[in-house]
Amino acid sequence: MSALPESGSSIPSPAPQSSKLQTPSITRRMACWLYEGILMFGVVFIASYLFDTLSQSRHALANRGLRMGFLFVVFGIYFGWFWSRGQTLAQKTWHIRVISPTGEPVTQARAALRYVLCWVWFLPPLAAYSFGVPALEVLVLLGGWVAMWAILSRFHPAQQFWHDAWAGTRLVHFDPGKK
């Protein structure tokens, strides 16, 4: 039997090119995710300061909806810019890189799609909070949902998070000494 040509395939292969592209362990990816969250405090601080300066807000809850929209856009710019260059600061620390299914850097459009799809990590807890579920229960839901979403990556053929599969991206181990 002959192999089907790749040019006619519309579904990206779960393991492109070679076995050199190793998926980082779930522990490393989640440690990177946690570190990214810590780094985001700095991004939130600077963006909120800019928002307060531009809107003349004197209280953090003033213009809450606009502030959240502004932060959503700022986060999108942050992640889109870094992912289109291969990795965020946290991913650089943990030697993780974002690539396309062919092993090349992701485009700005694909990085933006990945950013939007990454919100799957937070949608159920955010929905619960918007329906008036108490904050402590939302935190428990967040922890359970994140754990479940991370475990679901075990069912992906290349052990990738599902939002990466949907966005057409991959997380791979990246040794800075070997490009």
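How many aromatic pairs does a search of the whole structure find? In this predicted model, the search returns 16 aromatic pairs. One of them joins Tyr115 and Trp119, whose ring centres lie 6.2 Å apart with their planes at 90 degrees, so this pair is edge-to-face. Planes over 60 degrees apart are counted in that class. The two partners can also be described by their accessibility. Tyr115 has a relative accessible area of 6% and is therefore buried, while Trp119, at 22%, counts as partly exposed; the cut-off for a buried residue is under 20%.

Helix α2 is a good place to look next. This helix covers residues 64–84, and its 21 residues should span 30 Å at 1.5 Å a residue; the C-alpha atoms at its two ends are 30 Å apart, so expectation and model agree. Buried positions in α2 include Arg67, Leu71, Val74 and Phe75, along with Tyr78, Phe79, Phe82 and Trp83. Two glycines of the helix, Gly76 and Gly80, are buried as well. The buried residues of α2 pack against two helices named α1 (26–55) and α4 (108–118), and also against α3 (89–93) and β1 (96–99). Just after the helix, Gly86 adopts a positive phi of about 115 degrees.

The largest nonpolar core holds 27 residues, and within this core Phe79, Trp83 and Trp121 touch the most other members. Two or more core residues come from each of α1, α2, β1, α4 and α6 (135–152). Helix α2 supplies the largest share, with 7 residues. When neighbours within four places in sequence are set aside, Phe79 is in contact with Glu36, Met40, Thr88 and Tyr115. Trp83 has a charged companion: the charged end of Arg114 sits over the Trp83 ring, 4.3 Å from the ring centre. A second arginine is placed over an aromatic face too, with Arg29 lying over Phe161 at 4.5 Å from the ring centre.

Trp121 leads on to His163. The side chains of His163 and Trp121 are joined by a polar contact of 3.2 Å. His163 is found in helix α7, which runs over residues 162–167, and has a relative accessible area of 2%, so this histidine is buried. Apart from neighbours within four places in sequence, His163 is in contact with Arg114, Leu117, Cys118, Trp121 and Trp149. Arg114 thus appears in two settings, as a contact of His163 and with its charged end over the ring of Trp83.

Key. Residues are numbered from 1 along each chain as its sequence is written. This is a predicted model: local features need pLDDT of at least 70, side-chain atom pairs count only at pLDDT 80 or more; totals for chains, interfaces and linings use all residues. Side-chain values use heavy atoms; hydrogens and water are left out. Helices (H or I, at least four residues) and strands (E, at least two) are DSSP runs, numbered from the N terminus. The expected span of a helix is 1.5 Å times one less than its number of residues. Buried means under 20% relative accessible area, exposed over 50%, partly exposed in between (1.4 Å probe, protein chains only). Contact means heavy atoms within 4.5 Å. Rings of Phe, Tyr and Trp (its six-membered ring) pair if their centres lie within 6.5 Å; planes under 30 degrees apart count as stacked, over 60 as edge-to-face and the rest as tilted. A charge sits over a ring if NZ of Lys or CZ of Arg is within 6 Å of the ring centre and within 35 degrees of the ring normal. A nonpolar core is a set of buried Ala, Val, Leu, Ile, Met, Phe, Trp, Tyr and Cys residues joined through side-chain atoms within 4.5 Å. A polar contact is a pair of N or O atoms within 3.5 Å; within protein, one must be able to donate a hydrogen and the other to accept it, and residues adjacent in sequence count only if both atoms are side-chain atoms.
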